[in-house]
Amino acid sequence: MRELAGRLAALDPEAGAAVRVIAYFDRLVDGHAGLEALVRGAATLAGCAARLEAPGRRIRVSADGRRSDLDTPVDPAWPGVDGLWLERPGPPSAVDAMVLERADAAIRLVLERDRVPEPVEVVLDGTASPQAREKAARRLGLDE
């Protein structure tokens with residue numbers, strides 16, 4: 001992948017950068033990185049602060065990779081997708097667009113991976129243990 005990115009960069013710097021972005025987020029996903037690492041990657045690759053504002057999750061990382069406070073509201077001029085924002089106005093560059101796309105896909109994977117199943121899902125899951133199904137049924141107020 002690195003060799004391909006190097007050859008592409010020689011022909012087309014934006015294409016080479018896009019391949020590096022893809023490889024970067026693929027490595028994070030393969031390593032089971034968390035949300036903060038993914039937002040940090042977006043900030044570092046884009047060269048500006050990035051933030052994630054999703055239900056129950058609010059993370060901001062500056063361009064130098066440090067987590068910081070969310071002390072300003074989202075500016076509608078910032079490029080973003082599904083609650084992930086790059087904190088700079090204007091349309092995204094090709095690399096920014098690739099960072100947003102790949103980071104968003106990785107974030108969705110993490111959120112799905114970390115999602116706790118709802119009790120009704122456990123009750124209906126034939127592969128769940130009988131104890132887990134009974135516990136979930138009690139949480140739903142169902143009789144045995």
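Contact between elements is taken to mean heavy atoms within 4.5 Å. Axes are lines fitted to C-alpha atoms, for helices over the stretch in contact, and angles between N-to-C directions run from 0 to 180 degrees. Helices (H or I, at least four residues) and strands (E, at least two) are DSSP runs numbered from the N terminus.

The structure is a predicted model, in which local features need pLDDT of at least 70, side-chain atom pairs count only at pLDDT 80 or more, and totals for chains, interfaces and linings use all residues. Residues are numbered from 1 along each chain as its sequence is written, and side-chain values use heavy atoms, with hydrogens and water left out.

The predictor's confidence in each residue, pLDDT, runs from 0 to 100. Its mean over the protein chain is 86, and 90% of the residues reach 70 or more. Among the elements, helix α1 (residues 2–11) has the lowest mean, 57, and strand β4 (residues 84–86) the highest, 96. Where pLDDT is low, the predicted coordinates should not be read in detail.

Four strands form an open antiparallel sheet in the order β2-β1-β4-β3. Its edge strands are β2 and β3 (80–81), each pairing on one side only. Pairing requires at least two DSSP bridges between strands; β1 (residues 50–54) and β2 (residues 57–61) share 5. Their hairpin has 2 residues between the strands, and Gly-56 takes a positive phi near 75° there. Across this pair, Ala-50 stands opposite Val-61 in β2, and Arg-51 opposite Arg-60 in β2.

Two helices lie across strands of the sheet, as tabulated.

| Helix | Strands crossed | Angle |
|---|---|---|
| α3 (residues 35–46) | β1, β2 and β4 | about 35° to β2 |
| α4 (residues 94–114) | β1, β2, β3 and β4 | about 150° to β4 |
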